[in-house]
Amino acid sequence: MFGSLKSFISDFVEDAGLPDQFESRECWIATAALLIRVATVEREMSQARRGKLHAVLKSGFGLDDAATSRLIDDAAAADRSAIDLYHFTHQLNDVLDDEGRRQIVKMMWEIIYVDGSANDLESNIIWRAADLLGVSSRQRIELRHRIAADKAALATS
């Protein structure tokens, strides 16, 4: 029974595009804290961004609503006590491969673009986080364009 449950969860995480390295709670908190930092870089988190943050973490990590809310609360506390982005990116660099780090940058763009577009301050924090994660400028920009195009396609349909 547990084997089939583990297989189901593993398949779900693969379908969500997140590598297996995202299985540790510390990795989840570091990821969520980075997303919170990006979502609040300029102002309080909008309802749209709060909803998108919840959706991205819930589907990405295969959590239920209550576990996702606890994760966001824990990550917000971690973010408040962190001085900079390095604390989180260093943790993630220790456990994630290139694809995992790109997935985090993709999540950042998804959070930002839920409100329509990215301003200079938001783009700058993603640039800094991506640089610390070892995601190239080319990859960061490709991810940005992909998320912006997806957002535009949804707006026209």
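Buried means under 20% relative accessible area, exposed over 50%, and partly exposed in between (1.4 Å probe, protein chains only). The model is predicted: local features need pLDDT of at least 70, side-chain atom pairs count only at pLDDT 80 or more, and totals for chains, interfaces and linings use all residues. Residues are numbered from 1 along each chain as its sequence is written, and side-chain values use heavy atoms, leaving out hydrogens and water.

**Exercise 1. Determine which face of helix α7 is buried and what it packs against.**

Step 1. Helices are DSSP runs of H or I with at least four residues, numbered from the N terminus. Helix α7 covers residues 120-133, 14 residues in total.

Step 2. The expected span is 1.5 Å times one less than the number of residues. For α7 this gives 20 Å, and the end C-alpha atoms are 20 Å apart, which agrees.

Step 3. The buried residues of α7 are E122, S123, I125, I126, A129, A130 and L133. Down the helix axis they fall within an arc of 160 degrees, so they line one face of α7; the arc is taken over the directions from the axis to the C-beta atoms.

Step 4. On the face turned away from this side are the exposed residues D120 and D131.

Step 5. With contact defined as heavy atoms within 4.5 Å, the buried residues of α7 pack against α2 (25-39), α3 (47-61), α5 (86-95), α6 (98-113) and α8 (137-156).

**Exercise 2. Describe what lies at the two ends of α7.**

Step 1. At the N-terminal end, N119 acts as the cap, with a side-chain oxygen 3.0 Å from the backbone nitrogen of L121.

Step 2. After α7 comes G134, whose phi is positive, near 80 degrees.

**Exercise 3. Compare the settings of the salt bridges K106 with E110 and R138 with E142.**

Step 1. A salt bridge is a side-chain nitrogen of Lys or Arg within 4 Å of a carboxyl oxygen of Asp or Glu. By this rule the count is 12.

Step 2. In helix α6, E110 and K106 are 4 residues apart, about one helical turn; their closest N and O atoms are 2.8 Å apart. E110 is buried at 17%, whereas K106 is partly exposed at 21%.

Step 3. R138 and E142 are also 4 residues apart, in helix α8, with closest N and O atoms 2.9 Å apart. R138 is exposed at 52%, and E142 is partly exposed at 39%.

**Exercise 4. Which residues are linked with E42 in a network of salt bridges?**

Step 1. E42 and R43 meet in a salt bridge at 3.2 Å, N to O. E42 is partly exposed at 43%, and R43 is partly exposed at 38%.

Step 2. The network links E42 with R43, R49, D115 and E122. E122 is also one of the buried residues of α7.

Technical notes. Polar contact = N/O pair within 3.5 Å; in protein donor to acceptor, adjacent residues only side chain to side chain.
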